[in-house]
Amino acid sequence: MPRRSRPDPADDTQVRLDREDPYLRVLCVNVYVRDQDKSLRFFLDKLGFRLMVDQNYESAGRWLAVSPPDGHTVLALVTPKKKSEEYKLIGKSRHTVFVTENVIAKFEEWQKRGVKFHHPPQTTLFGGVFTRFDDLDGNCFMLVGYDDFVREIEAQRSAAAEKLEAERRTAQELEIAKRVQARLFPQKLPSMQTLEYAGVCVQAREVGGDYYDFLNLGRDRLGIVIGDTSGKGIGAALLMANLQANLRSQSATALGQPQQFLQSVNQLFYENTNESNYATLCFAEYDDRSHRLRYSNCGHYSPILLRKDGSVDRLDSTATVLGLFPQWQTTVEHRTLASGDILSMFTDGITEAFSDDGEEFGEDRLLDVLRNCRDLPPQGIVDVVVNEVRRFSPSEQGDDITLIVAKCKPQGDRG
């Protein structure tokens with residue numbers, strides 16, 4: 001079966017939406033020619049047509065088809081066998097009509113390229129304009145134009161221009177949103193004597209719903225936050241901005257009353273979002289003097305605490321997600337970090353990244369990467385993990401990749 005040109009889905013004139021009758025349009029018109037290659041050059045070079053099909057078939061021979069630059073009906077350039085009935089039809093085609101919005105302009109353009117016209121463009125009784133021309137074999141084609149067609153083309157151009165302008169505005173607004181959201185991520189890293197840390201968010205779209213933050217809680221305390229809001233794109237980005245604003249506005253209570261702090265964040269998030277919106281969140285508070293880490297995990301992926309001796313401690317959930325319930329409670333768990341311990345907090349864009357074979361990156365692979373590069377500083381570990389995820393999943397990124405790595409400094413490296 002010869003290949004067919006596919007209709008442009010953006011052209012709404014191609015498909016009737018009512019489905020009252022089965023869809024039907026002209027696919028192909030046969031034109032019999034002596035030399036397919038010479039005829040091909042005529043249609044491509046002189047008329048500006050496109051090559052649609054050029055294939056050889058054992059039973060039918062070479063099937064060569066061209067199409068005008070605008071439209072989907074194709075001309076099949078057929079070289080029939082000598083002494084066949086079709087061979088007698090070479091140069092006899094008289095019934096193919098091309099339509100254009102400016103016959104005179106096409107006439108002048110094609111005439112300069114050597115196309116032989118029967119006469120200059122003429123006006124018809126119904127107000128249209130037409131002329132005729134021949135191909136290399138004497139097949140005759142008509143070129144016509146009429147006011148209704150011109151108006152139709154102009155309407156389509158106007159609609160296309162409006163669509164392009166809307167797309168341009170959308171792209172501009174997304175770029176502004178991207179710049180605004182970038183400012184919501186931490187711009188400064190509070191200095192810690194015993195902890196070095198780094199974070200990154202690589203968004204799958206212009207904007208996204210992943211969030212991480214580093215909060216200066218005072219009295220040598222650092223707040224470490226990672227979260228993921230429901231949804232994708234602009235909707236998720238708005239939720240992320242809402243969550244960030246709630247966290248930062250309530251962070252003054254985090255030091256002494258972490259449970260009350262998170263309850264306030266949940267209440268605000270619940271009141272200011274739709275009933276189906278939610279966010280996973282892990283909040284950790286690090287004490288630079290005691291090396292103690294207090295955390296609440298609100299339905300988020302369990303952060304990994306890779307100890308210096310190679311053992312693994314997971315910071316599992318202490319509460320459900322934020323934003324779904326007005327009455328919400330959490331507990332606070334404690335860990336103590338020792339020199340060389342590495343804390344990794346991440347979103348599903350890392351562990352649920354898929355290879356081309358459909359395999360997940362997974363937590364075990366993340367642990368292997370952390371173990372292999374544990375001697376690097378946190379920023380170096382972050383870079384290695386992100387590069388490994390991208391290498392493992394080279395196709396289009398499906399979700400935001402967000403990662404925090406914090407490392408307890410060796411005794412001699414503390415300022």
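These legends go with a set of close-up views of a predicted model.

**View A. Helices α4 and α5 cross each other.** Here we zoom in on α4 (residues 233–250) and α5 (residues 258–271), whose axes come within 9 Å and cross at roughly 145°. The crossing is right-handed. On the α4 side, the residues that meet α5 are L239, N242, L243, N246, L247, S249 and Q250. Their partners in α5 are F261, S264, V265, L268 and F269. Sorted by class, this contact has 7 nonpolar and 5 polar residues, with no charged residues.

**View B. M240 sits in helix α4 and is buried**. Its relative accessible area is 0%. Setting aside neighbours within four places in sequence, M240 is in contact with Q181, L184, F185, G208, G209, D210, Y211 and T229. For a sense of scale, the C-alpha atoms of M240 and A252 are separated by 20 Å, and these two residues are 12 apart along the chain.

**View C. N277 lies in a loop, between α5 and β13 (279–287)**. Loop or not, N277 counts as buried, because its relative accessibility is 15% and the cut-off for buried is under 20%. Leaving out residues up to four places away in sequence, N277 touches S230, L239, L322, G323 and L324. One of these, L239, also turns up in View A, where it belongs to the α4 residues that meet α5.

**View D. Y197 and F214 make a tilted aromatic pair**. The two rings are 4.6 Å apart centre to centre, with 55° between their planes. Y197 comes from strand β10 (residues 195–202) and F214 from strand β11 (residues 210–218), so the pair links distant parts of the chain, 17 residues apart. Are the two partners buried or exposed? Y197 is buried, with a relative accessible area of 9%, and F214 is buried too, at 5%. A search of the whole structure turns up 16 aromatic pairs.

**View E. Ring pairs build an aromatic cluster**. The members are F42, F43, F49, F98, F107, W110, F117, F133 and F141, linked through ring pairs.

**View F. S39 is a buried residue of helix α1 (residues 36–46)**. Its relative accessibility is 2%. Beyond the residues up to four places away in sequence, S39 touches V33, L77, L136 and D137.

**View G. Helix α7 (residues 362–372) has buried residues that pack against several elements**. Which residues of α7 are buried? They are G362, L366, L367, V369 and L370. These buried residues pack against β15 (304–306), β16 (312–314), β18 (342–346), α6 (348–351) and α8 (378–392). A helix reminder for reading this view: residues three or four places apart point the same way, because an α-helix has 3.6 residues a turn.

**View H. F392 and R365 are in contact, and R365 also lies over a ring**. F392 is found in helix α8 and is buried, with a relative accessible area of 13%. Not counting residues up to four places away in sequence, F392 touches A353, F354, S355, E359, E360, F361 and R365. Two of those partners have their own arrangement: R365 lies over the face of F361, at 5.8 Å from the ring centre. To place this view in the model, F392 is 36 Å from E275, C-alpha to C-alpha, and the two are 117 residues apart in sequence.

Technical notes: Residues are numbered from 1 along each chain as its sequence is written. This is a predicted model: local features need pLDDT of at least 70, side-chain atom pairs count only at pLDDT 80 or more; totals for chains, interfaces and linings use all residues. Side-chain values use heavy atoms; hydrogens and water are left out. Buried means under 20% relative accessible area, exposed over 50%, partly exposed in between (1.4 Å probe, protein chains only). Helices (H or I, at least four residues) and strands (E, at least two) are DSSP runs, numbered from the N terminus. Contact means heavy atoms within 4.5 Å. Rings of Phe, Tyr and Trp (its six-membered ring) pair if their centres lie within 6.5 Å; planes under 30 degrees apart count as stacked, over 60 as edge-to-face and the rest as tilted. A charge sits over a ring if NZ of Lys or CZ of Arg is within 6 Å of the ring centre and within 35 degrees of the ring normal. Axes are lines fitted to C-alpha atoms, for helices over the stretch in contact, and angles run from 0 to 180 degrees between N-to-C directions. A crossing is left-handed if the near helix is turned anticlockwise from the far one by less than a right angle, and right-handed if clockwise. Ala, Val, Leu, Ile, Met, Phe, Trp, Tyr, Cys and Pro count as nonpolar, Asp, Glu, Lys and Arg as charged, and the others, Gly among them, as polar.
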